[in-house]
Amino acid sequence: MINVNNLKKVYRTDEIETTSLNDINFKIDEGEFVAVMGPSGCGKSTLLNILGLLDKPTSGDYEFNGVMASSLGGKQRTLLLKGNIGFIFQSFNLIDDLTVFENVELPLLYQKVPKSERKQKVEEILKKVDILHRKNHFPNQLSGGQQQRVAVARAIVSEPKLILADEPTGNLDSENGNDVIEIIKKLNEEGATIVMVTHSNHDASFAKRIIRLFDGKIVEDSINEKVLAN
Ligand code: ADP
Ligand code: MG
C-alpha cells in the first residue's frame with residue numbers, strides 16, 4: 001500500500017535550513033497498524049503530512065497503491081485522496097459554524113454523494129463512534145473527547161483504506177483517549193490500515209509495528225511483540 005524510498009524533507013525559512021526527514025525508507029502493507037514514535041521535533045508530523053499528501057518531500061519517492069503520489073499535481077492529488085486517505089489531527093480541526101452532522105457530511109459533499117445516501121452514511125458513522133445523539137450540536141458545545149469522535153467520524157465517513165492519525169489522543173484525558181484508541185483499533189480490525197503518531201506508550205501498545213524516529217531518521221522499525229502475544 002505504502003512504499004517510501006529515500007525520502008527527504010528540508011524546510012527553508014530565510015537563512016535557516018532544517019532537515020526534517022532524511023534517508024527514510026519503509027513499506028506498509030494493507031491492514032497494518034503502525035505507531036510512529038520519537039521525541040518532539042524528530043519529524044513525525046512531517047512524515048504523516050507527506051503520507052497524507054498534505055506536504056511534498058524535497059526528494060525521494062512516496063508510492064501509494066502503486067501511484068507515485070509524491071509527484072502528483074493538485075488535481076490528481078485530490079483525486080487520489082478522495083475516499084483513500086482519512087486524516088485525524090490532535091487539535092480536531094472541526095469547522096466551528098457547521099453542526100456535527102454537517103462536519104461529517106463534508107467529505108461526502110465533496111464526493112457528490114446524493115443527499116439521502118449522505119444522511120444514511122453520516123448517521124451510521126456517528127452511531128459507530130457513539131456521538132449520534134449530538135448530531136445537531138456545534139463543536140463548541142462538545143467536550144474534547146466528543147469533538148475528537150466527530151473528527152474521527154469525518155475521517156472515516158468515506159471509508160478510507162488508510163487512516164493517518166497525528167497524536168489523536170494528545171489533547172484528551174485518559175478516558176476519552178482510550179475511547180478514541182479503541183475506535184481506531186476497531187477500524188484496523190475491520191481492515192483499515194492505520195499509521196498513528198503518538199507520544200504515549202499506552203497508545204502505541206495497540207499497534208502491531210513501531211517505527212521510531214530520531215532527528216529525522218528511522219532508528220527503529222520493529223514488530224510490537226506485546227501485541228502479537230495478545
Ligand atoms: P514532530 O511532529 O516529531 O514533533 P515535526 O515533523 O513537526 O516534528 O518537525 C520536524 C522538524 O521540522 C522540526 O525541527 C520543525 O521545527 C521543522 N518544521 C516542521 N514544519 C516546518 C515548517 N513548516 N517550516 C519550517 N520548519 C518546519
Ligand atoms: Mg508533531
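The exercises below, each with a worked solution, look at a ligand site, the pockets, a cavity and some backbone angles in one predicted model.

In this predicted model, local features need pLDDT of at least 70 and side-chain atom pairs count only at pLDDT 80 or more, whereas totals for chains, interfaces and linings use all residues. Residues are numbered from 1 along each chain as its sequence is written, chains are lettered from A and ligands numbered from 1 in the order in which they are written, and side-chain values use heavy atoms, with hydrogens and water left out.

**Exercise 1. List the residues around ligand 1 and sort them by class and by element.**

Step 1: A residue is near a molecule if one of its heavy atoms lies within 4 Å of it, and around ligand 1 these residues are Y11, T18, S20, P39, S40, G41, C42, G43, K44, S45 and T46.

Step 2: For the classes, Ala, Val, Leu, Ile, Met, Phe, Trp, Tyr, Cys and Pro count as nonpolar, Asp, Glu, Lys and Arg as charged, and the others, Gly among them, as polar. The shell then holds three nonpolar, seven polar and one charged residues.

Step 3: Helices (H or I, at least four residues) and strands (E, at least two) are DSSP runs, numbered from the N terminus. Strand 2 (16–28) and helix 1 (44–51) each supply at least two residues of the shell, and helix 1 gives the most, with three residues.

**Exercise 2. Find which protein atoms lie by the oxygen atoms of ligand 1, and say whether T46 is buried or exposed.**

Step 1: A polar contact is a pair of N or O atoms within 3.5 Å; within protein, one must be able to donate a hydrogen and the other to accept it, and residues adjacent in sequence count only if both atoms are side-chain atoms.

Step 2: On the backbone, a polar atom of G41 is 2.7 Å from an oxygen atom of ligand 1, while an N or O atom of C42 lies 3.2 Å from an oxygen atom of the ligand. From a side chain, a polar atom of T46 lies 2.5 Å from an oxygen atom of ligand 1.

Step 3: Taken alone, ligand 1 exposes 560 Å², and the protein buries 62% of that; such areas come from the Shrake-Rupley method with a 1.4 Å probe, and for residues only the protein chains shown count as cover.

Step 4: T46 is found in helix 1, and its side chain also makes a polar contact with the side chain of S20 (2.8 Å). Buried means under 20% relative accessible area, exposed over 50%, and partly exposed in between (1.4 Å probe, protein chains only). T46 counts as buried because its relative accessibility is 10%.

**Exercise 3. Describe the two pockets and the cavity by volume and lining.**

Step 1: On a 1 Å grid over the protein atoms alone, a cavity is a set of points where a 1.4 Å probe fits but cannot get out, and a pocket is an open set with protein on both sides within 12 Å along at least five of seven lines; lining residues have an atom within 4 Å of a point. Grid points are joined across faces, edges and corners, and a volume is the space filled by probe spheres set on the points.

Step 2: The largest pocket has a volume of about 570 Å³. Its lining has 18 residues, of which L81, I85, F87, P107 and Y110 lie nearest its centre, and by class there are nine nonpolar, six polar and three charged residues.

Step 3: The second largest pocket holds about 210 Å³ of space. Of the 14 residues that line this pocket, E159, P160, L187, E190 and A192 are the closest to its centre. The lining divides into six nonpolar, one polar and seven charged residues, and its largest share, four residues, comes from helix 4 (residues 115–128).

Step 4: A search of the whole structure finds one cavity of 30 Å³ or more. The largest cavity has a volume of about 50 Å³, and its lining includes I50, L53 and D55.

**Exercise 4. State the phi values of N93 and K112, and say where each residue lies.**

Step 1: Most residues other than glycine have a negative phi.

Step 2: Phi of N93 is near 55°, a positive value; N93 lies in the loop between strand 6 and helix 3, and is partly exposed because its relative accessible area is 39%.

Step 3: Phi of K112 is near 60°, also a positive value; K112 lies in the loop between helix 3 and helix 4, and is exposed because its relative accessible area is 72%.
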